[in-house]
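Trainee: I would like to check some labels on a structure. Can we go through the reasoning together?

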Amino acid sequence: MHKHLQEVPAVVVVFFDLDWDEPLWKERQMECSTRVEIVRNSLQGRNTKIAVVLIQKNAPLPPGEDLMAAERAVSLCSTCDISAKSLYVLPHTDHLIGYTMRLENAFYEQAQAYYHQEARKVKSHKDFLNKTTHQLLFVRHQFKSAFFNELKQDSNTAIKHYKQAYGYILDLRMHDTNMLEIKTVAGFINYKICRLSFQHNAPLDAIAQFRKHIDFFKSKTGIPELSFEHSAWMSKQFHVFGDLFDEAIKLGLTAIQTQHPGFYFQQAANHAIFRKQLCQGLCMQPEEMKSANEIEEFLGKTEFYGQRKWRQEQQSIEPSDLHKEREGILALQTKERQLDHSLLIIPLLSSAVTQFRKYKSPRMKRFLMVQMGEEYYHAKDHVKALILLNKVMWDYRAERWWKLLTSILGTSLKCAYLTAKVQEYVSNCMELIGRYSQCSENEKIRIQMNLVRVMSHTVPEAEPDLDQSCVEKASALWAEFRSHPTSFTLEMHGLIPFIETKACFVHETVSADNKIIVEVCLRVGCPFPVRLSKLLVLFTNQKYNPHCVLTDGRGISAKSDGGVDSPSDLYLKPNEPRVFSFSFIPFSEDVGEQLEISSLAVEMGNESGCSAMLRWTGGGGETILQPVGPAKPIIRPTPSGQPVDWAAFIVNPVVKIIPRKALLEVKVEHEPPCLLNEVYILTIHVENKESADIHNVKFSLGLQDLEEGQDATTQVSADVSSFEEATLSSHCKTDVGSLKKGQKISKCFYVKCLHVASRVFVAQVNYDVGVRVDDQTLICSCKAEEVISLPTVRPFDVSIKLESLKFETIEAVHADDPFLLTTDIVCSSPWPIEMKNSSLHLSEFIHTAGDKFESQIAEVQLNKSDCGAECICLVASSCVQPSVSLGTYTLEWKRKTANSESLPYVSTTLPLPTVNIEYIPITVQVALPAFGRVKTLLPLCYSVRNRTPYVQEVQISMESTDNFMFSGNKQTQFRVLPSQEYKLHYNFFPLVAGQVTLPRLHLDMMRYPSTMDEIISKMLPTHIFIRPIGKIQPV
């Protein structure tokens, strides 16, 4: 392979400066021929292709035109003994890149031809082989054929020959002496097959081939004394396949969580670990170690891969020289012992961790990180081991793998000791002596004693099973630790230490005139008692921190007094919880706020030596182990002098500071419901029932659950005249000053609701009062409230209609014709309503038929369900606009009750409808008496008026009826001058009595044919009352 890849070329190209019009052509031709001959002689009869490229200055002419170039090219090929296909021209012109690419393709084709020829040459040897005596040559020839086809870039043929070569390997006779050589060649061929399979986008074929390869060779250990070589070979196979798999993924292959390169890197690391274990068992005899010269003598380079230098070219099953064989094995074992296996294992584990992190397998990732940490520990890189192990311990704590966590903590403790990392050492000791640690009792005692030594600022004893040289280095580091004081803080959130804490506010709410009581429960689970130096409770409001500090100055190794535990004695016995209580008065500015325990802290040691501050967030408790219950537990104070039940002690880190309960009687007097837009009065009556005078008394009224000024439809004021202002809010406050003991006071508030809804108001009285607590006077701010539910209803419903003079509902009005506007006001208020006045504000195109509008409901009182009505006659003027708003209708009113005399009237403005104004060219009016008599002449006059500026021609016809006889024109035609009228006279003679239908007058205009008849019929009366003839009185 090295020969064909590095030494023997497929194509040799000779570049020579020579133009076709060279004056010294013969001399230059001979010089070129000489160069080619030198190259040909140096190839020693190889089949390498030789090509000549002439570098010319001028661009070539089209083929067939340059006869001199053709003749000289034939001459040059003959002189250099090359074919015409091996002669090329490279003009140095503007198109150099194009010529270069053409040359590249030509050379590629010649290289392919060379390797094709070499592959055929190897294939021709197959006929002379015998499977009985030439088994190795079958493998060799198939491999060479595959290799040449691969160089030819015919990967399909190459993989076929590689598979045939691998098949021949499996048929070879294998024994200990040739096992390494066979496995080496098989591993390389397997690599080629898998690599080409991935390139052909056949990952399943590659995986199947690799599994077949491993299944066949995993039991072929070889020489037992060199079994570590088999583990090294297995590790290399998995490592190489993992790299191939990863490379294929980077090129676009999609992997899944159950099949990705991480598994192969993990197996490679496992075999490397097993290799280290075999090395420790086979290669640990120092008296048999070989020198460097002896190793070089037995382990130098060999001609073929996988062979032993001391028995090359030997195919016998048994070694020819047993002594030499033994010496060679010892040389291999010596070299293996000198190898640092951790440097091989750690990169493999790191690659596996990267893959498992990529494919979302957190537990496998943590397991491999633990293995990496242990390898760093064995490689004596204790700092990296400590960092890695600390990263994974969080998850093992959360998932409660106590056995695994204990094992990792043990390794981490050794690393912390060897690096003299005091903070990590103390943290690991605290967890290892806790109740969840799986260490033995004696081991816990030893670790606790070391913890006490460190916190006493002395050097701990060395951990067991440590290398002596590492212990000596660690002793020097611990001596430096003793030379100066050390202080550090340990965040206990997420740790499982031997000391446990819980904090609780005894009450969930505390009034401003009572003390806040905090209880802290401590418990230790180590073998021996522990003395703490300080206990602190820290709050979100740091002003309270000095009230919750407990200090024990006896020292960490001081024993108990033996009597009853004093409040400042922080001596804790194993599995005996103790409760410490703190109390303080809340500050007045914190009333209405929440006070929360931000953290708990205990201190071990002293600041002059070694001091460790252990801090729990919130109220402590078992943050990892504590189950979350569905119901809220009941907090009970811990009784003094009784044993503490740790499980029953509830963590409650939050207390609400509420105002002191107000001793005021608040009543609100009002008359619901509130009417829309009216000024509604509420009277607040307050009586002081405190035992002392109160000051800074403030009354307020506003909507509930709304900030000031948010509701624009509700207005509240303490002065009735302020409703004329534009800026009013939904809250109102007023100062009263001071109230003496037992004094009563009343205050009126006024509310205006601009929208129909049900509202909830809060009447509130705030004041300050002095209270005695523990021989000191506290100024407490108190608040008394009264909630009022106030519905708002409409005072009345108004319906507005447009009617003709015949009281018929109309949709449109005629210009210059009168029509009626009727309003019906129905009282819906439960209280009587007094109507002061009503008014119209008409648009510019509408006016009243009379001179002045006078209200028809002024000074009227409406009770519930009463109806007041008005009827106004209006006239519309001609306008260009198609539709016009009539204007607005305003009512002035207020409720009529005993308390409403001082309240102002309310103006309610209603919009009048928008109507279409139609222009009528002609109108007809008739003077009709109130009634007629049967068989008595009834004269009628119809007046036809022309409203247009043009002469109108009108045709009139009178309809016959059985109720009347009449005289006059039954049908006539006439002209009406502009703005003039024409009168038609008829004499009707009634024939029947009662409400009789009049004969219908039909009108048609020549200018507006068939359009006016229906309009005119609406203008004229249709009936008249005819009285019967009275009886003649007898004479």
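Trainee: Among contacts in the chain between residues at least 6 apart in sequence, what percentage join residues at least 24 apart?

Mentor: This is a predicted model. In it, 72% of those contacts join residues at least 24 apart.

Trainee: How do you know whether the chain is spread out or a compact globule?

Mentor: Start with its elements: 20 helices and 46 strands. The radius of gyration is 57 Å, and the globule rule gives 31 Å for 1035 residues. The value is well over the rule, so the chain is more spread out than a compact globule. Along the principal axes, the C-alpha trace spans about 180 × 120 × 60 Å.

Trainee: Why is Lys935 called buried or exposed?

Mentor: Exposed means over 50% relative accessible area. Lys935 has 54%, so Lys935 counts as exposed. Lys935 lies in the loop between strand E38 (931-933) and strand E39 (938-946).

Trainee: And what makes Asn575 exposed or only partly exposed?

Mentor: Partly exposed runs between 20% and 50%. Asn575 has 49%, so Asn575 is partly exposed. Its place is the loop between strand E11 (571-572) and strand E12 (578-584).

Trainee: What is the phi of Asn575?

Mentor: Positive, about 60°, although Asn575 is not a glycine. Lys935 also has a positive phi of about 60° and is not a glycine. Most residues other than glycine have a negative phi.

Trainee: Why is the peptide bond from Pro672 to Pro673 called cis or trans?

Mentor: Look at omega. It is near 0°, and the bond is cis. Most peptide bonds are trans. Pro673 sits in the loop between strand E17 (664-669) and strand E18 (674-675).

Technical notes. Residues numbered from 1 in each chain as written. Predicted model: local features only at pLDDT ≥ 70, side-chain atom pairs only at ≥ 80, totals over all residues. Heavy atoms only, no water. Helix = DSSP H or I, 4+ residues; strand = E, 2+ residues; numbered from the N terminus. Buried < 20%, exposed > 50% of the residue type's maximum accessible area, 1.4 Å probe, protein only. Rg over C-alpha atoms; globule rule 2.2 N^0.38 Å. Contact = heavy atoms within 4.5 Å.
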